[in-house]
Amino acid sequence: MQEILSKKDIGDRIKDLRARNGHSQSLIAEVLNLSRSNYSQIELGNQYPTFHTLQKLARYYGKTYHWLIHGEEEEHCAAGFATANQIIQELEQTLKQFSSTVDKLSRELEVLKEKVH
């Protein structure tokens, strides 16, 4: 039978990690690029974190995605190392976001240049 994922349990694990590391909700929300209110709702168990948010949290705290979701490590993830495919996927996503940001900044720069001239 499939396990039912509890928003409350996931939120409690995330809150516990933050508290054990002495971080504020505001700091972690900033790391995750979320509002503090949105992050608070995750800790309270009122909403599920996105996959992207869980991946960022896992990297930040040196945990695995599986641990954040289930509270235990998978046998093949016990060492806490990501597979090469996961790393490649994360790097590709980061590159896409970076390229998008560079394109946006380039467009904004052109607009500013036009206003100056």
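In this predicted model, a good place to begin is the pairing of helix α1 (residues 7-20) with helix α4 (residues 51-61), which pack at an angle of about 35 degrees with their axes 11 Å apart. The crossing of α1 past α4 is left-handed. On the α1 side, the contact is made by I10, I14, L17 and R18, and these meet L54, L57 and Y61 of α4. Six of the residues in this contact are nonpolar and one is charged, while none is polar.

Stepping back to the whole chain, the protein has six helices and zero strands, so that its elements, read from the N terminus, follow the order α-α-α-α-α-α. Of the 117 residues, 24% are buried. The accessible surface amounts to about 8,500 Å², and carbon and sulfur atoms account for 53% of that area. Among contacts between residues at least 6 apart in sequence, 59% link residues at least 24 apart.

The interior can be explored through the largest nonpolar core, which holds 15 residues. Within this core, the members that touch the most others are I14, I28, Y39, L54, L57 and L68. At least two core residues come from each of α1, α2 (25-32), α3 (36-43), α4 and α5 (65-70), and α4 gives the largest share, with four residues. In soluble globular proteins, nonpolar side chains tend to be buried together.

Y39 offers a closer view of this core. Leaving aside residues up to four places away in sequence, Y39 touches I14, R18, Q25, I28, A29 and L32. Of these neighbours, I14 and R18 also take part in the contact of α1 with α4.

Methods
Residues numbered from 1 in each chain as written. Predicted model: local features only at pLDDT ≥ 70, side-chain atom pairs only at ≥ 80, totals over all residues. Heavy atoms only, no water. Axes fitted to C-alpha atoms, helices over the stretch in contact; angles between N-to-C directions. Left-handed = near helix turned anticlockwise from the far one by under 90°. Contact = heavy atoms within 4.5 Å. Nonpolar A, V, L, I, M, F, W, Y, C, P; charged D, E, K, R; others polar. Buried < 20%, exposed > 50% of the residue type's maximum accessible area, 1.4 Å probe, protein only. Areas by Shrake-Rupley, 256 points an atom, 1.4 Å probe, with all protein chains shown as cover. Core = buried A, V, L, I, M, F, W, Y, C linked by side-chain atoms within 4.5 Å.
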